Amino acid sequence: YPCLDTLMTRTALITGATSGFGAAAVRRFVSDGWQVVATGRRAQRLDALVAELGADKVHAACFDIRDAAAMQAALAQLPPAFAGIDLLVNNAGLAQGPAPAQRASLIDWQTMIDTNISGLVYTVRLLLPGLVERGGGHVVTLGSVAGELTYPGASVYAASKAFVKHFALAIRSDLQGKNVRVTDIEPG
């Protein structure tokens, strides 16, 4: 059944879709025939993607990835046409406060931990059961070369991106035989 994939509409959920890699990924997946659930905190930017690409191709789900309850509510309210997620692209993440550890802001550190680690974990945990139940899919995480090669002022950012890599490797192990692929991309 090699042609079966071309007959089915595939759906991707992309976090952090309001700018950068996330917005570019939304555009690319739509141009390749996918439907996309675009998520992020900035409703105006999500609405602009829907206006640009079409409501039949992009569904905007506005929430802060650090808010597990808001994420769960948004995912529970997905229209049926967008509810069967085949691919999760965990793009949301940030680096804040380039100060050395001894002078760094604890608020900046907590924001990075909540976004880069907790938000990623929430998203995977909410979507992974559906991928397994539907018999396959793909989880993509966006780490960073900083998870391997640190630099001054990046203590928590680098540690959070090392977490992303090892989390991806660990869930890949958990998913053996489940037909769900896991890929960690590490831009540098």
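In this predicted model, Leu-87 is found in strand 4, and its relative accessibility of 6% places it among the buried residues, since the cut-off for that class is under 20%. Apart from residues up to four places away in sequence, Leu-87 touches Thr-11, Ala-12, Leu-13, Phe-29, Trp-34, Leu-131, His-138 and Val-140. Leu-87 can also be set against Gln-176, from which it is separated by 89 residues in sequence and by 17 Å in space, taken from C-alpha to C-alpha.

Strand 4, which comprises residues 87–90, also holds Asn-90. With a relative accessibility of 2%, Asn-90 counts as buried. When neighbours within four places in sequence are left aside, the contacts of Asn-90 are Thr-15, Leu-120, Thr-123, Val-124, Val-139, Val-140, Thr-141 and Leu-142. Val-140 is thus touched by Leu-87 and is likewise in contact with Asn-90.

A further buried position is provided by Thr-39, which has its place in strand 2 and a relative accessible area of 1%. Beyond the residues up to four places away in sequence, Thr-39 touches Leu-13, Ile-14, Thr-15, Gly-16, Ala-17, Thr-18, Leu-46, Ala-61 and Phe-63. Thr-15, which appears among these contacts of Thr-39, is also in contact with Asn-90, while Leu-13, another residue touched by Thr-39, is touched by Leu-87 as well.

Two of the residues that Leu-87 touches, Phe-29 and Trp-34, lead to the aromatic side chains, for which a search of the whole structure finds 2 pairs. Phe-29 and Trp-34 form an edge-to-face pair, with 5.1 Å from centre to centre and 75 degrees between the planes. Both Phe-29 and Trp-34 are buried. In the pair made by Phe-163 and Phe-167, the ring centres are 5.6 Å apart and the planes stand at 10 degrees, so this pair is stacked. Phe-163 and Phe-167 both belong to helix 7, which covers residues 155–174, and they are 4 residues apart, or about one turn of the helix. Their accessibilities fall in separate classes, because the cut-off for a buried residue is under 20%: Phe-163 counts as partly exposed at 29%, whereas Phe-167 is buried at 18%.

Helix 7 also takes part in the empty spaces of the model. A search of the whole structure finds 1 cavity of 30 Å³ or more, and about 50 Å³ of space lies in the largest cavity. The lining of the largest cavity consists of Ile-65, Asn-90, Asn-91, Ala-92, Thr-115, Asn-116, Gly-119, Leu-120, Leu-142, Lys-161 and Val-164. Two or more residues of this lining come from helix 6 and from helix 7, and helix 6 gives the largest share, with 4 residues. Divided by class, the cavity lining has 5 nonpolar residues, 5 polar residues and 1 charged residue. Asn-90 of strand 4 is therefore one of the residues that line this cavity, and two of the other lining residues, Leu-120 and Leu-142, are among its contacts.

The largest pocket has a volume of about 540 Å³. It is lined by 29 residues, of which Gly-16, Asn-91, Ala-92, Gly-93 and Leu-94 are the closest to its centre. Among these central residues, Asn-91 and Ala-92 also occur in the lining of the largest cavity, and Gly-16 is one of the residues touched by Thr-39. At least two residues of the pocket lining are supplied by each of helix 2 (20–31), strand 2 (35–40), helix 6 (106–133) and helix 7. By class, the pocket lining is made up of 9 nonpolar, 15 polar and 5 charged residues.

For the protein chain as a whole, the secondary structure comes to 7 helices and 6 strands, and the elements run from the N terminus in the order α-β-α-β-α-β-α-α-β-α-β-α-β. The C-alpha trace spans about 55 × 40 × 30 Å along its principal axes. The radius of gyration of the chain is 17 Å, which agrees with the value near 16 Å that a compact globule of 188 residues would have. Buried residues make up 43% of the 188 residues. Of the contacts between residues at least 6 apart in sequence, 62% join residues that are at least 24 apart.

Methods. Residues are numbered from 1 along each chain as its sequence is written. This is a predicted model: local features need pLDDT of at least 70, side-chain atom pairs count only at pLDDT 80 or more; totals for chains, interfaces and linings use all residues. Side-chain values use heavy atoms; hydrogens and water are left out. Rings of Phe, Tyr and Trp (its six-membered ring) pair if their centres lie within 6.5 Å; planes under 30 degrees apart count as stacked, over 60 as edge-to-face and the rest as tilted. Buried means under 20% relative accessible area, exposed over 50%, partly exposed in between (1.4 Å probe, protein chains only). On a 1 Å grid over the protein atoms alone, a cavity is a set of points where a 1.4 Å probe fits but cannot get out, and a pocket is an open set with protein on both sides within 12 Å along at least five of seven lines; lining residues have an atom within 4 Å of a point. Grid points are joined across faces, edges and corners, and a volume is the space filled by probe spheres set on the points. Ala, Val, Leu, Ile, Met, Phe, Trp, Tyr, Cys and Pro count as nonpolar, Asp, Glu, Lys and Arg as charged, and the others, Gly among them, as polar. The radius of gyration is taken over C-alpha atoms; the globule rule is 2.2 Å times the number of residues to the power 0.38. Contact means heavy atoms within 4.5 Å.
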